[in-house]
Amino acid sequence: MAAGVAAWLPFARAAAIGWMPVANLPMPVAPSNKNKRQDELIILNVSGRRFQTWRNTLDRYPDTLLGSSEKEFFFNEETREYFFDRDPDVFRSILNFYRTGKLHYPRYECISAYDEELAFFGIIPEIISDCCYEEYKDRKRENTERLMDDLEDNKDSKLPNMTFRETMWRAFENPHTSTMALVFYYVTGFFIALSVITNVVETVPCGYMPNQRDVPCGERYTEAFFCMDTACVMIFTVEYLMRLFAAPSRYRFMRSVMSIIDVVAILPYYIGLVMTNNEDVSGAFVTLRVFRVFRIFKFSRHSQGLRILGYTLKSCASELGFLLFSLTMAIIIFATVMFYAEKGSSSSKFTSIPASFWYTIVTMTTLGYGDMVPKTIAGKIFGSICSLSGVLVIALPVPVIVSNFSRIYHQNQRADKRKAQKVQKARLARMRISKSGSSTAFLHSKRNGLNQSLELTLPYYKMKLSPQGSLEEDQQLKKTTSLLESQHHHLLHCLEKTTNHEFVDERLYEQGYLQTALQNFPSQSPSLSSEEGITGTCCSRRPKKNIQPLNATHTHSHTHNLQELSALHIQCGEQQPLNTSRSSLNLMSDESGSLNCKSSGLVTTAIISIPTPPSNNSRASPDAPSPPNPEAPPLLNPSSTDVVKISAL
Amino acid sequence: MSSPVKRTQWDEELTQFRQDHGLSKKVLLNCCLVRRIISWASPSKKDSIEDELELSAVRHRPEALEQLEAQTRFSRKELQILYRGFKNECPSGVVNEDTFKEIYAQFFPQGDASTYAHFLFNAFDTDHNGSVSFEDFVMGLSILLRGSVQEKLNWAFNLYDINKDGYITKEEMLDIIKSIYDMMGKCTYPILKEETPRQHVEIFFQKMDKNRDGVVTIDEFIDCCQNDENIMRSMQLFENVI
């Protein structure tokens, strides 16, 4: 429950008097605050700075250090104050959390110091309020990255027992690890450069043959170029095979971009070797040579900046797509307009709309080759509009891409966007859970059979129990719920009594819903079994045969002859009710069986059905006109009241 | 020169005005038109400023502690505690209905408490000015927690009587009971059905409406409640809340 709202609980309870004349059932006993103290100021001495607050303020969050009895460990008898040897500046934010219900993160604080303080005082960081949460998360992410980088640097130095394969892979990925790796790195770099230069120089015309026109160097010095090409391809092949051998996951390596580039770079050579110098296929072979230029992409292993550029382009795919789309639209529009504008003029170069595309592109990108110019006045007008709009259309998405690049380059975040989204989802989930914690807390306390559902009409029932039993109950009650919680639960219990319905959690509700569906169609017996089958599967871990006792115990408040402690079956699933309550966490560790969902599909707390003496009938008769429950399942056997069922936890 | 036989007063005044100021008809019309356009274009300029003033001025200071102590049955300390809680949640000193609904809904996370909170708000807002000040709040609480059974029943009757006409009709009761059932939410056992509130209303009227005239008056209500042990006992339930 939120901080200030806890102060309104007395009001909510007082307003419950409005339900009383409407209710038909007697109300449960209110929890007594036996040890009700007058609200007092307590002094918190944090490293010499004294903070004072009301005790009730701290009691608002009973699952933190200051709200629970854990602070008694820090009580100083002589000075009658609580002394904490911690940072007083951070404590200010923590105390404000109790006062206002909002936890703020001060920007000047170091993130790890703040985290430590929060951990000390038992506050989870997820409840930092929205105004400060982004800042907190950003700083935390930066910090963890820095720590990870440091770790990696340290890790690189020594790892004694790695296999040869792993060493090779590490050498390939981080050339700085060993001298051999560095040498290899530079050698491959040199050969990439050599290969690229060779490709370029091959096509330069060099020198005259007396009887022929200019020949490119490639045809003049064929053997030399062939030898160099062979050497480069040898090196590249060896490198590729070694990488393939060393890769931890060969399949993944073969699918990666770099390996595809490697393959594409060296394949033309081998294809050229295989193919003879046949006239027909030599044309295709020449085309294949183009792929040799892909060797230049191998440089991206050597350059971080190139990789970031590639990543930027990938991440700006949407902006690029938008740019392309808007350009295409504009090109088509203007090309059409120009075509029709220039249709009239003779000897116009604008022979068709696709022919006008070229003009439009050249004009919009402000190139203006001049090979196609409009001659009519209308054409010139539209041409000028075209060039003006071209500037705009191209200029708009470009800054987005640029800013993207700079952001990525500076922060060098690869997968952090994805990680941040996951964290955000987790945070929202946790906040939702803690917010719904109050409702689950109520159900939780009901499950543990700890709420005092003793009816006002039968106080002697408690005396019937052994004194030990009631004592234990009291102790357990104190252990698990604070006064505030028990009062809140009492309020919810009164509401249940008023409406004669009970709160259940989602699964039991779905189960009950299915059951009413079952009972509404009693004639279709084959479908009954199939629906039961459905029940069995959707509430996956519940064995079907336990449906019966569930109904028996649930209708206890509606049948007049059963007096029970609150007995509810627990539908255990993967979703355990997450309580941030420390006391209930202690509870869970003590009563290990109670919510141990993994072991059994269905856990039952103690169910004790004790038949009441018939003298109760008269008093219970006001209950009889309570709204009949037609869905009270026919499976209920009133004779089961004679059975005292106590199932083990 | 032929003037119409009948002229309206306004017409005469207008012509008089025009003759006095030497304006032609056309100019006058233009001025009126322009003014109308301007007023249409900026309709609520005056209102918005006033609105802003109003918002910032909604700040209520309660009466002095002694007066409240005299008017209610709370001790000084209790009033202090109550006010601190009140002011924490509503720094401006008054609760409006939305805040009220929000606060009340926090206690019933599974259901929808807004309708019942609306009725509660009307019950607390005794002077019906749309906001509950600290005095209203504390008066209501004083009745609920420290009042006699008669006063509490009176308050409950006031809560149920939505239009404050002195009679509880079946429709009013149905609204109230539906709002209570709304607070339970969806996940209940047994499943809430459509006719459950109506049946509950029937039971209530069977109990309370002695002369079977279809409405429950305050006397019937108080009589019947005083004869019902459960209700009397549950009225004492929240004695020690503060």
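**Burial and packing in the predicted model**

In the predicted model, A:D229 is buried (under 20% relative accessible area, with exposed over 50% and partly exposed in between, for a 1.4 Å probe and protein chains only), its relative accessible area being 12%. This residue belongs to helix α10 of chain A, residues 222–246; helices are DSSP runs of H or I with at least four residues, numbered from the N terminus. Beyond its neighbours within four places in sequence, A:D229 is in contact (heavy atoms within 4.5 Å) with A:Y269, A:R292 and A:R295.

A:A426, in helix α19 (residues 416–435) of chain A, is partly exposed at 43%. Its C-alpha atom is separated by 9.3 Å from that of A:E126, 300 residues apart along the chain.

The largest nonpolar core (a set of buried Ala, Val, Leu, Ile, Met, Phe, Trp, Tyr and Cys residues joined through side-chain atoms within 4.5 Å) has 77 residues, of which A:W19, B:Y104, B:F108, B:L120 and B:F221 touch the most other members. Residues up to four places away in sequence aside, B:F108 touches A:W19, A:L491, A:L492, A:L495, B:A113 and B:M183. Another core, of 27 residues, lies apart from it and includes A:F84 and A:I123.

Helix α23 of chain A covers residues 483–499, and its end C-alpha atoms are 25 Å apart, in agreement with an expected 24 Å (1.5 Å times one less than the number of residues). Of its 17 residues 14 are buried, so α23(A) is largely enclosed by the rest of the structure. A:N500, with a positive phi near 65°, follows α23(A).

Residues are numbered from 1 along each chain as its sequence is written, and chains are lettered from A and ligands numbered from 1 in the order in which they are written. Local features need pLDDT of at least 70 and side-chain atom pairs count only at pLDDT 80 or more, while totals for chains, interfaces and linings use all residues; side-chain values use heavy atoms, with hydrogens and water left out.

Key
Helix = DSSP H or I, 4+ residues; strand = E, 2+ residues; numbered from the N terminus.
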